[in-house]
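Work through these short exercises with the model open. Try each task before reading its solution.

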Amino acid sequence: MTEATLRIGIAGLGGAGGKVLPLLAGDALDGLVLGAAADLRPEARDAFEQTYGRPAYASVEALCRAPDLDLIYVATPSPLHCANTLTALAAGKHVLCEKPLATSLDDCDRMIAAARAAGLLLVQGHSKVFDAPVHAMRALIASGRLGRVFQVDCWNCNDWMRRPRLPAELDTEAGGGVVLRQAPQLVDLVRVLIGRAPRTVRAVTGRHAPGLDTEGNFAALIGFDGGAAATIAFNGYGHLSLGPLLAPGAAASVRATRTGPVGAAEKYAGGLAAAAGPRRAPTNELALVSGEQGVLVAAPTGLTLHANGVAEPLSVPDTAGRAAGFIELRDALREGRPGFPDGSWARTTLEVCLAILESARLGAEVPVRSAQPAIPEEHRP
């Protein structure tokens with residue numbers, strides 16, 4: 001593929017799938033065209049066809065049989081990621097799969113092997129690796145101004161548990177809860193900034209909302225090769241959103257406390273999701289990158305380097321948000337290179353997330369056995 005158009009099929013028109021639709025409509029993204037979608041819900045298919053004028057199928061299998069599609073974006077519930085990805089690969093389609101890549105390491109292995117055997121790209125979508133601010137942070141680290149990075153601390157707080165959630169989203173075994181749904185973002189972030197293999201995890205998780213029986217918060221210490229460490233923490237019970245706290249004047253959403261899961265009708269009552277706009281900092285996280293010569297702070301207000309008693313604001317372009325995964329896959333195909341983060345990277349991220357759950361259950365440190373996949377040269381600052 002050189003400058004050909006990449007025609008995209010969206011598998012799942014829920015939260016993730018719905019948010020990318022306006023980004024792909026029209027000619028806003030060079031070489032990327034919205035081709036079709038699939039969803040179990042007739043009302044979602046009707047809304048898609050009426051809004052975007054493309055066909056909508058009742059199953060992922062039917063979507064993958066469409067001959068005029070090149071890429072399938074798997075945005076179905078986490079337990080279906082593996083089966084849907086295998087179906088797409090068997091049909092000769094490249095795959096951009098939402099996080100987590102799968103709900104088990106065995107399923108990750110099957111997906112990676114199938115992509116390799118078919119000679120197709122498998123890329124993890126909606127990853128912090130794509131964000132322009134993260135690339136700027138990595139470039140600063142690569143410049144040597146920060147010195148050797150020895151610690152990254154990253155925190156977030158929002159109302160994830162207060163939002164309408166389907167039963168599967170609150171079932172840890174089905175890939176639900178904040179550890180499997182939100183921790184991949186933070187794990188990707190600290191992994192790409194430290195650039196070395198994670199080796200150990202010690203974590204605590206919590207379930208603090210009656211009727212919502214899954215992990216709603218966690219805190220984890222991750223040990224890396226070479227003695228580097230990362231702390232990541234997430235509180236999904238609301239009351240405070242980290243973005244407005246750190247960026248005064250930003251809107252803070254307030255949702256009522258929920259006492260249980262909801263059905264699909266209530267979950268998707270608002271119709272197709274709206275597109276997420278551009279952002280400059282890594283969503284609403286607060287991240288501190290500690291090096292031997294300074295500390296780099298990433299917040300919703302931007303990036304700042306603190307070194308030698310001076311606070312230096314850093315300029316960062318807008319990030320492409322949820323469109324970034326499609327852009328990466330397009331560019332990888334045009335340049336004849338692997339996409340990043342690929343299936344192997346996503347598998348290690350999942351292993352760290354599963355280690356968080358296991359460490360909390362055992363009350364002990366848990367090893368991480370995966371090797372650190374190499375970051376492709378094209379993604380090195």
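**Exercise 1. Locate Pro341 and describe the peptide bond before it.**

Solution. This is a predicted model. Start with the place: Pro341 sits in the loop between helix 11 (324–335) and helix 12 (343–362). Now look at the bond from Phe340 to Pro341: it is cis, with omega about 5°. Next, go to Pro100, in the loop between strand 5 and helix 5. The bond from Lys99 to Pro100 is also cis, with omega near -15°. For context, most peptide bonds are trans.

**Exercise 2. Find out how covered helix 4 is, and by what.**

Solution. Take helix 4, residues 81–90. Seven of its ten residues are buried. Among them are His81, Cys82 and Leu86. Then look at the surroundings. The cover includes helix 3 (60–65), strand 4 (71–74), strand 5 (94–97), helix 5 (105–118) and strand 6 (122–124). Finally, step just past helix 4: Gly92 has a positive phi of about 85°.

**Exercise 3. Is Asn308 buried or exposed, and what is its phi?**

Solution. Asn308 lies in the loop between strand 13 (302–307) and strand 14 (310–314). Its phi is near 55°, a positive value in a residue other than glycine. Its relative accessibility is 77%, so Asn308 is exposed. Now take His126, in the loop between strand 6 and helix 6 (132–143). His126 has a positive phi of about 55°. With a relative accessible area of 21%, His126 is partly exposed.

**Exercise 4. Explain why Cys353 has no bond to Cys108.**

Solution. A disulfide needs sulfur atoms within 2.5 Å. The sulfur of Cys353 is 10 Å from the closest cysteine sulfur, in Cys108, so the gap is too far for a bond. The whole structure has zero disulfides.

Terms used:
Residues numbered from 1 in each chain as written. Predicted model: local features only at pLDDT ≥ 70, side-chain atom pairs only at ≥ 80, totals over all residues. Heavy atoms only, no water. Buried < 20%, exposed > 50% of the residue type's maximum accessible area, 1.4 Å probe, protein only. Helix = DSSP H or I, 4+ residues; strand = E, 2+ residues; numbered from the N terminus. Contact = heavy atoms within 4.5 Å.
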